[in-house]
Amino acid sequence: MAALGRVSQMLLRSSLTQTRRQLSAAAAGAHGEQAARTWKILTFVVALPGVAVCMLNMYLKEQQHSHEQPEFVPYSHLRIRSKRFPWGDGNKSLFHNPHLNALPDGYEGHDE
């Protein structure tokens, strides 16, 4: 917690000492500088660590994820082909993935 306080104090001091380019006459007041400093602190203290935690969470979940093909269950209400698709052999959807998308009679390449 003390380290967070030191980092926030360092960010405050660095933002106060830096010269800022004023983009409009309305930003010349103290309110504009206060708002810019607040958003800069929030970016470094909240947003960037939040993105890092989300990236770590996604990476760890992907490492635990099994890449096995789900079992094929021939439900009667799924994979109904009343009309052929107008591309390819007419049995595969436009964005067909042979590992994940089953055909009406099962996955491709498996003789079960």
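## Side-chain contacts and surface features

At 48% relative accessibility, tyrosine 59 counts as partly exposed. In this predicted model, tyrosine 59 is found in helix α2, and the residue contributes to a nonpolar surface patch that also contains Leu56, Met58 and Leu60. Together, these four residues present about 430 Å² of accessible area. Tyrosine 59 is eligible for such a patch because its relative accessibility of 48% satisfies the requirement of over 30%.

Helix α2 also holds arginine 37. In contrast to the partly exposed tyrosine 59, arginine 37 is buried. No salt bridge is found for arginine 37, and the nearest side chain of opposite charge, that of glutamate 33, is 7.5 Å away. The absence of a salt bridge follows from the cut-off, because a side-chain nitrogen of Lys or Arg has to lie within 4 Å of a carboxyl oxygen of Asp or Glu. The side chain of arginine 37 is nevertheless engaged in a polar contact of 3.0 Å with the side chain of glutamine 34.

Aromatic pairing was examined next. A pair of aromatic rings is described by the distance of the centres and the angle of the planes. The count comes to 2 aromatic pairs. Phenylalanine 72 and tyrosine 107 form one of them, with an edge-to-face arrangement in which the centres are 6.1 Å apart and the planes meet at 75 degrees. This pair is edge-to-face because its angle of 75 degrees is over the limit of 60. Both phenylalanine 72 and tyrosine 107 belong to the segment after α2 (30–64), and the pair links distant parts of the chain, 35 residues apart. Tyrosine 107 has a relative accessibility of 12% and therefore counts as buried.

The other pair consists of phenylalanine 85 and tryptophan 87, whose rings are stacked, with 5.3 Å from centre to centre and 15 degrees between the planes. The stacked assignment holds because the angle of 15 degrees is under 30. Phenylalanine 85, at 28% relative accessibility, counts as partly exposed. Tryptophan 87 is likewise partly exposed, its relative accessible area being 32%.

A search of the whole structure finds 1 salt bridge. The side chains of lysine 92 and glutamate 108 meet in this interaction, with an N to O distance of 3.2 Å. Lysine 92 and glutamate 108 both lie in the segment after α2, and the salt bridge connects distant parts of the chain, 16 residues apart. Lysine 92 is partly exposed at 27% relative accessibility, and glutamate 108 is also partly exposed, at 27%.

Further features concern the backbone of the segment after α2. Arginine 79 lies in this segment and has a phi near 55 degrees, a positive value in a residue other than glycine. With a relative accessibility of 26%, arginine 79 counts as partly exposed. Proline 74 is placed in the segment after α2 as well. The relative accessible area of proline 74 is 61%, so the residue is exposed. The C-alpha atom of proline 74 is separated by 7.3 Å from that of proline 104, although the two residues are 30 residues apart along the chain.

Key:
Residues numbered from 1 in each chain as written. Predicted model: local features only at pLDDT ≥ 70, side-chain atom pairs only at ≥ 80, totals over all residues. Heavy atoms only, no water. Phe/Tyr/Trp six-rings, centres within 6.5 Å; stacked < 30°, edge-to-face > 60°. Helix = DSSP H or I, 4+ residues; strand = E, 2+ residues; numbered from the N terminus. Buried < 20%, exposed > 50% of the residue type's maximum accessible area, 1.4 Å probe, protein only. Patch = residues over 30% accessible without salt bridge, like charges linked within 9 Å, V, L, I, M, F, W, Y side chains within 5 Å. Areas by Shrake-Rupley, 256 points an atom, 1.4 Å probe, with all protein chains shown as cover. Lys, Arg positive; Asp, Glu negative; His and termini not counted. Polar contact = N/O pair within 3.5 Å; in protein donor to acceptor, adjacent residues only side chain to side chain.
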